[in-house]
Amino acid sequence: MNRVKVVVTGAAGQISYSLIPRLVDGHTFGDKIVDLELVEIPQVVDKLEGLVMELEDSNFPNMGNVNYTSDFEEAAKDADWFLLVGSIPRGIVFNGKKIEERADLLQINGGIFVGQGQAIGRFGKSDAKILVVGNPANTNALIGRHAANNDSQLWMAMTMLDSSRAKSVLSKKLNIKISDISKMIIWGNHSPTMYPDFENVVANGSPGRDLIDDMDWINTEFLPVVQQRGKAVIDSRGASSATSAAKAALDTVIACENPTASGDCFSAAVITDGSYDLPEGIICGMPLMTSPEGKVEIVRDIVLSNFAKDKIKISTDELINERAAVEDLLK
Ligand code: NAD
Ligand code: LMR
């Protein structure tokens, strides 16, 4: 039987508590046996003993070997997947200052991804897939990818949660089931500048541009609600989204592990390569598909309106600024 080795950082955190059990429940990786490497900082790594006990006590059918460690290099050896959750969330007080925006986390979290990226490049499988969840996810992924210096590996930053949020808002507006919505593309940064593409989304077989003619609703409801949903959850819960973030990470893995249905696509941010005239060298939300051979590729035939191009530029400009702010980590 096939095996897959998955490394999860931030394994004692909120997202991971919802994420890790579902990696071994037989759904995410189908019938593959899943070996887990759970990584935490030395100060809390011992807490993972309790999580491992719970995993064992849950009798998950597809659970293989489970290790926990604070040694990322050791964990990275021959891993197929890296779910990089470990980092500080916003909403907390750090050095006496409340962290309001995800970009404010750059100086705190960015450094984590240098060492982890180097280890992934050296010790991870040559076709490893890496999903950065920790914020600011796009620029952290850029830092990690640069440090890994291994082009055969695929670095992604998570925008699936934004795509799920956009589908949820749209399904209520159109009074249809979420499962009737496909091709929900998130362009740009996982930040308030992200652009959820309401024109190319497909609902009940029709493109959004034919279904939604209410630009007032787009500008005052749809875009701001999706763009600011993370903050709304933090304001209410006093902690950032966790179970929905875990579900989105699992959905990203599933989307990469299985061929994409014809005409559909999924959302994640990957390194730009000139397609759609996006500035090169940033990790930008784009439409992706998984080929029948298992290769994750950019979907290149989406038509963008001038409205969309203007919105996307705001987000890519922000990503360029974030990149400049971490220049020292990209040497
Ligand atoms: P949390 O504080 O509950 O858990 C984070 C864990 O990471 C902690 O246990 C911490 O000890 C660990 N950690 C910190 N540095 C580490 C390192 N170098 N190696 C390994 N582990 C390390 O936070 P959470 O709610 O689980 O959120 C984690 C991150 O995910 C945050 O940055 C949050 O903003 C982000 N997030 C992203 C999305 C998204 O859509 N991309 C959604 C929700 C949350
Ligand atoms: C989210 O979108 O829920 C996460 O990125 C957490 C946050 O800081 O908003």
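**Packing of helix α12 in the predicted chain**

In this predicted model, the elements that cover the buried residues of α12 include the helices α4 (106-109) and α6 (137-148), together with the strands β10 (186-187), β11 (195-196) and β15 (283-290). The residues of α12 that are buried, in the sense of having under 20% relative accessible area, are Ala308, Ile312, Ser315, Thr316, Leu319 and Glu322. Viewed down the axis of α12, these buried residues fall within an arc of 105°, and they therefore line one face of the helix. Such an arrangement can be read against helix geometry: an α-helix has 3.6 residues a turn, so residues three or four places apart point the same way. On the face of α12 that is turned away from the buried side, the exposed residues are Asn306, Asp310 and Asn321.

The length of α12 was also examined. For its 20 residues (residues 306-325), a rise of 1.5 Å a residue leads to an expected span of 28 Å, and the end C-alpha atoms lie 29 Å apart, which agrees with that expectation.

At the level of the whole chain, 12 helices and 16 strands are assigned, and the C-alpha trace spans about 55 × 45 × 40 Å along its principal axes. A compact globule of 331 residues would have a radius of gyration near 20 Å, and the value of 19 Å computed for the chain agrees with this. Of the 331 residues, 51% count as buried, while the chain exposes about 14700 Å², of which carbon and sulfur atoms supply 48%. Among contacts in the chain with a separation of 6 or more, 71% are accounted for by residues 24 or more positions apart.

Key:
Residues are numbered from 1 along each chain as its sequence is written. Chains are lettered from A and ligands numbered from 1 in the order in which they are written. This is a predicted model: local features need pLDDT of at least 70, side-chain atom pairs count only at pLDDT 80 or more; totals for chains, interfaces and linings use all residues. Side-chain values use heavy atoms; hydrogens and water are left out. Helices (H or I, at least four residues) and strands (E, at least two) are DSSP runs, numbered from the N terminus. The expected span of a helix is 1.5 Å times one less than its number of residues. Buried means under 20% relative accessible area, exposed over 50%, partly exposed in between (1.4 Å probe, protein chains only). The arc is that of the directions from the helix axis to the C-beta atoms. Contact means heavy atoms within 4.5 Å. The radius of gyration is taken over C-alpha atoms; the globule rule is 2.2 Å times the number of residues to the power 0.38. Accessible areas come from the Shrake-Rupley method with a 1.4 Å probe; for residues, only the protein chains shown count as cover.
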